[in-house]
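This report goes through one protein chain, beginning with single residues and ending with the whole fold. The sequence and the structure come first.

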Amino acid sequence: MFNVFALAACLQAPFYLHNGDRVTWYGDSITEDGRYGAFVEMYVRTHFPRLEVRFTHCGWGGDRVTGGGGGPANVRIDQDFKPSNPTVVTVFLGMNDGSYTPWSAGNDTAFATGYDKLIQLMLTAAPKARYTLLQTSPYDDFAHPTKNYNDVLLKMGLHVKELASKYKFDYVDFNEPLAKALSQAAHDDAQTALRLVPDQIHPQEAGHLLMASTLLKAWNAPSLVSEVVIDGRTGDVKKAAGSRVSKTAVWEWRQTDEVLPMPINWGDPGVRLIADSAGILDALDDEMLTVSGLDSGTYSITIDGKEVGKASADDLGKGINLAKMPTPMVMQAIQVGGLVLQKVHLNMMEWRQVRREFGWSSNALPASKSLQAVEEELVKKAQAAAVPTTHAFAISKVP
């Protein structure tokens, strides 16, 4: 029989990141925040636990294409960018370049020419790297009273797309999906929407998660965690994609997924507000369980003897996403995410505080090397923590 699922898997382009890649996130304070890069790293550690990829955050608050608090662009490239020896680079700039004023030809030209010069500096330092230019996230003229500054960013952002075409780089738009999510959020819950980008510049957790999701989609990241289909009449396993499943009783089975879901903080009101409408879960964590043919009613879902949720027969028949439930797999993924965040914070300390701020000291370089060694230990711990284990599943009808 013709297998549509196998054909789809064959046709999907490979994931953008390769074994041995070194990713550098270059940008302003939104990159310095670290979260969109951390979410991408969490995805890699949970969905590709054996992939040897390293990540370096290289954001500096207030940065423009010409530089900023870390010095002019040539200093930033020499002292911050080049030492990471990147094979993959993302560039996230533009928010500060419009000076938070109405559009002007002077600012526009300075942005275009400065960005071009920055790219040339980067290519000199890392000529073989693969580059993704990111259209900056929006100034929040959507949930907050409008100042029309996002229109300035969009006009200036046309140069980002043009430069990506000129240099044959990849291009990803962070502005449009987050602007759309902010508009929808303002309609659905105006008070929570105000907290998504509270100062109209810096996205909070939900915004960073959406940006990471947008980038991962552009990088052909597979969303599949697992897809298991059980015949509710017989308990037979009809499908097990990304998982090994063995029936132990009519409504009981043992399941070993190949990967973990990426941890998503459903306790954050902003995440809850925008995740479904923005399709974040569909893009990152497709962990579907379907049990067909059940009699109507409500069913308890237990894993390793602990209830993780309830669902109606109708919902189970359509399929439920386990990534939204407090499953053992999600708890394990949260541990991985915690290790990633520790590594991200240590990475920032290593290059910003030790290497940059105390570079005058003869002890700075040895200290930097020691911190890098601890970073590597954290990466290894995250990879080890991401190895899936076998779990006992069961469903039972609620009286």
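Is H57 buried or exposed?

## H57 in strand 2

The model is predicted. In it, H57 has a relative accessible area of 1%. Residues under 20% count as buried, so H57 is buried. H57 belongs to strand 2, which runs over residues 54-59.

Neighbours within four places in sequence aside, the contacts of H57 include W25, T31, G34, G37 and A38. V344, N347, M348 and W351 also touch H57.

## W219 after helix 9

W219 sits in the loop that links helix 9 (205-218) to strand 8 (224-231). W219 is buried too, and its relative accessible area is 1%.

Which residues are in contact with W219, leaving aside neighbours within four places in sequence? They are P14, F15, Y16, L17, W25, V40, V88, T90 and T132. W25 thus appears in the contact list of W219 and in that of H57. For P14, the separation from W219 is 205 residues in sequence, while the C-alpha to C-alpha distance is 8.4 Å.

## Helix 10 and its ends

Helix 10 covers residues 269-278, and its buried residues are G270, V271, L273, I274 and A275. An α-helix has 3.6 residues a turn, so residues three or four places apart point the same way. The buried residues of helix 10 pack against helix 7 (175-188), helix 8 (190-193), helix 9 and helix 11 (280-284). Helix 9 is also the helix that precedes the loop holding W219.

At the start of helix 10, the backbone nitrogen of G270 has a side-chain oxygen of D268 within 2.8 Å. Just after the helix, G279 adopts a positive phi of about 70 degrees.

## The chain as a whole

The protein chain contains 14 helices and 16 strands. Its radius of gyration is 23 Å, close to the 21 Å that the globule rule gives for 399 residues, so the chain is as compact as a globular protein of that length. Along the principal axes, the C-alpha atoms fill a box of roughly 70 × 50 × 40 Å.

Of the 399 residues, 54% are buried. Taking contacts between residues at least 6 apart in sequence, 76% join residues at least 24 apart; W219 and P14, in contact with each other, are 205 apart.

The exposed area of the chain is about 17500 Å², with 56% of it supplied by carbon and sulfur atoms. The chain has 38 positive and 45 negative charges, and the mean positions of the two sets are 4 Å apart.

Methods. Residues are numbered from 1 along each chain as its sequence is written. This is a predicted model: local features need pLDDT of at least 70, side-chain atom pairs count only at pLDDT 80 or more; totals for chains, interfaces and linings use all residues. Side-chain values use heavy atoms; hydrogens and water are left out. Helices (H or I, at least four residues) and strands (E, at least two) are DSSP runs, numbered from the N terminus. The radius of gyration is taken over C-alpha atoms; the globule rule is 2.2 Å times the number of residues to the power 0.38. Buried means under 20% relative accessible area, exposed over 50%, partly exposed in between (1.4 Å probe, protein chains only). Contact means heavy atoms within 4.5 Å. Accessible areas come from the Shrake-Rupley method with a 1.4 Å probe; for residues, only the protein chains shown count as cover. Lys and Arg count as positive and Asp and Glu as negative; His and the chain ends are not counted. The place of a charge is taken as NZ of Lys, CZ of Arg, CG of Asp or CD of Glu. A polar contact is a pair of N or O atoms within 3.5 Å; within protein, one must be able to donate a hydrogen and the other to accept it, and residues adjacent in sequence count only if both atoms are side-chain atoms.
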